[in-house]
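Take a look at the fold below. We will walk through it piece by piece, from the strands in the middle of the story to some unusual spots in the backbone.

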Amino acid sequence: MTRQEYLRRQKEELGRKVCGVFPAQYPKEILWALGLAPAEIWDPPLASEQAAAHLQPYICSVVRQGLELLMQGQAGVCDAFLFPHTCDSIQNLASVVNDYIGLDKPCYFFYHPKAPYGPPARAYYLEQLKSLASALEPLAGPLDLAELKRRVAQGQEVARLHGQIYHRRAKGELNCSNAAFYQAVRQGEYLFPDDLIPFLEGFLAGAGGHAPRGQRVLLSGVLPNPPEILSLLDDLGVAVAADDFLACSRRYLFAPSASSDPWQALSEQYFALPPCSSKGSPIQERLDYLLASAEQSGAKGVIFYLVKFCEPELFDVPILTEELKKRGLPCLALDVEINQGLSGQMATRVEAFLEMLG
Ligand code: SF4
């Protein structure tokens with residue numbers, strides 16, 4: 001079943017409203033508890049036609065493709081849109097969509113705090129969680145606290161399963177291609193937890209075994225697109241041992257909170273997420289995180305998928321590559337545009353990098 005079909009079924013058979021969510025971090029448990037089905041918009045595969053007229057030429061392709069989806073009328077299944085405050089580009093997109101293109105659907109905004117995190121940041125985040133829930137109530141009806149608690153528990157189960165999947169991959173105990181791995185973990189972008197949990201359990205049960213014995217690398221960046229890089233690594237027998245993708249591990253991997261208060265649990269879990277450029281995490285934290293991930297997973301090099309014009313990543317990556325290289329971890333930085341495939345030149349650079357690692 002495609003995403004569109006799944007989301008249509010959520011509406012037609014289960015009476016849920018669908019909320020299109022732009023990258024990256026948001027408390028999906030609140031949406032679940034309100035009966036809203038989140039449909040994340042990262043990289044819709046559309047030809048660029050109308051969005052460019054509303055955006056600067058130096059905007060990232062994630063924002064461009066997201067706007068394209070709306071301009072081409074392909075987001076009809078969505079009843080509303082949510083814009084987390086991920087970066088200036090998403091902020092600009094929120095203004096374009098909410099104020100200029102005349103989209104007749106409600107838009108909501110979520111402002112999470114940026115590092116460094118002191119006590120005021122934690123109080124602020126709790127406030128933001130509650131105000132998002134209140135803002136969504138006119139669309140979705142009143143929030144039931146018991147239901148929020150149940151959905152937070154489901155979110156923790158999803159995190160536990162993601163943790164196991166990542167752990168087994170890092171240990172070389174997951175027998176699936178790189179392409180299949182990301183196809184599976186990206187189901188979390190739209191599956192409701194009632195479906196996501198059995199899906200992830202099934203994936204874990206079906207992917208037992210051993211990873212191919214080739215080289216192991218760590219991927220970093222915003223999201224695993226263009227997917228042709230994954231296929232190239234598969235063809236070369238190279239296993240992705242760990243990742244530091246904003247769309248994946250930077251949102252999926254956290255230790256569940258023990259708090260019985262769902263608001264508190266959501267807050268603690270947000271502050272326990274891995275460091276991220278979009279949250280202003282100190283570079284040292286990112287460096288330590290990458291080094292530890294590489295060591296634990298046996299990755300011998302890092303490939304940065306740099307979405308062209310992604311400002312938060314562009315601030316960090318030059319320093320990260322330099323520091324990682326100094327510590328003996330070779331790096332390759334690729335400038336990519338989502339859904340634009342892999343040029344021959346890029347493929348050659350990847351192959352040369354892997355040869356050098358070998
Ligand atoms: S790719 Fe970078 S600039 Fe674009 S939306 Fe994502 S974080 Fe923002």
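Helices and strands here are runs assigned by DSSP, at least four residues for a helix and at least two for a strand, and they are numbered from the N terminus. Keep in mind that this is a predicted model.

Start with strand S1, residues 17-21. Four of its five residues are buried, so S1 is largely enclosed by the rest of the structure. Buried means under 20% relative accessible area.

S1 has two partners to look at. One is strand S2, residues 36-40. S1 and S2 pair in the parallel sense, over five bridges. You can find the register from facing residues. Lys17 stands opposite Leu36 in S2. Gly20 stands opposite Ala39 in S2. How does the chain get from S1 to S2? The path goes through helix H2, residues 28-33, and this β-α-β crossover is right-handed.

The other partner is strand S3, residues 80-84. S1 and S3 also run parallel, joined by three bridges. Here Cys19 stands opposite Ala80. Gly20 turns up again, opposite Phe81 in S3. So far, then, Gly20 has been matched with Ala39 in S2 and with Phe81 in S3.

Now look at the two faces of these strands. In a regular strand the side chains alternate between the two faces of the sheet. S2 follows with Leu36, Pro38 and Glu40 pointing one way, and Ala37 and Ala39 the other way. Are these residues buried or exposed? All are buried. That fits the count for S2, where five of five residues are buried.

S3 can be read in the same manner. Ala80, Leu82 and Pro84 lie on one side. Phe81 and Phe83 lie on the other. Both faces of S3 are covered, and five of its five residues are buried.

S3 also pairs with strand S4, residues 107-110. The two run parallel and are joined by four bridges. Phe81 stands opposite Cys107 in S4. The chain crosses from S3 through helix H4 to S4, and this β-α-β crossover is right-handed.

Next comes the ligand. Where does the ligand sit? Its place is the second largest cavity. The residues around the ligand are Cys60, Val62, Val63, Cys87, Ser89, Ile90, Val222, Cys310, Glu311 and Pro312. Three helices give two or more residues each to this shell: H3 (61-71), H4 (88-100) and H13 (311-326). You have met H4 already, on the path from S3 to S4. By class, the shell has eight nonpolar residues, one polar and one charged.

Pick out Val222 from that shell. Val222 lies in the loop between strand S5 (216-221) and helix H9 (228-235). Its relative accessible area is 6%, so Val222 is buried. Val222 and Cys310 are 88 residues apart in sequence. In space, their C-alpha atoms are 8.6 Å apart. Both residues belong to the shell around the ligand.

Now turn to strand S7, residues 302-307, which holds Tyr305. With a relative accessible area of 1%, Tyr305 is buried. Tyr305 and Leu174 are 131 residues apart along the chain, and their C-alpha atoms are separated by 23 Å.

Finish with the backbone. Which peptide bond is cis, with omega about 0°? That bond joins Ala115 and Pro116. Pro116 is placed in the loop between S4 and helix H5 (119-140). The peptide bond from Asn225 to Pro226 is also cis, with omega near 10°. Pro226 is in the loop between S5 and H9, and Val222 lies in that loop too.

Two residues other than glycine have a positive phi to check. For Phe309, phi is near 70°. Phe309 is found in the loop between S7 and H13. Its relative accessibility is 36%, so Phe309 counts as partly exposed. For Asn339, phi is about 60°. Asn339 is found in the loop between strand S8 (331-336) and helix H14 (344-357). Asn339 is partly exposed, because its relative accessible area is 30%.

Note on methods. Residues numbered from 1 in each chain as written. Predicted model: local features only at pLDDT ≥ 70, side-chain atom pairs only at ≥ 80, totals over all residues. Heavy atoms only, no water. Buried < 20%, exposed > 50% of the residue type's maximum accessible area, 1.4 Å probe, protein only. Pairing = 2+ DSSP bridges. Right-handed = clockwise from strand over helix to strand, strands pointing away. Near = heavy atom within 4 Å. 1 Å grid on protein atoms, 1.4 Å probe; cavity = no way out; pocket = protein on both sides within 12 Å on 5 of 7 lines; lining within 4 Å. Sits in = over half its atoms within 2 Å of the grid points. Nonpolar A, V, L, I, M, F, W, Y, C, P; charged D, E, K, R; others polar.
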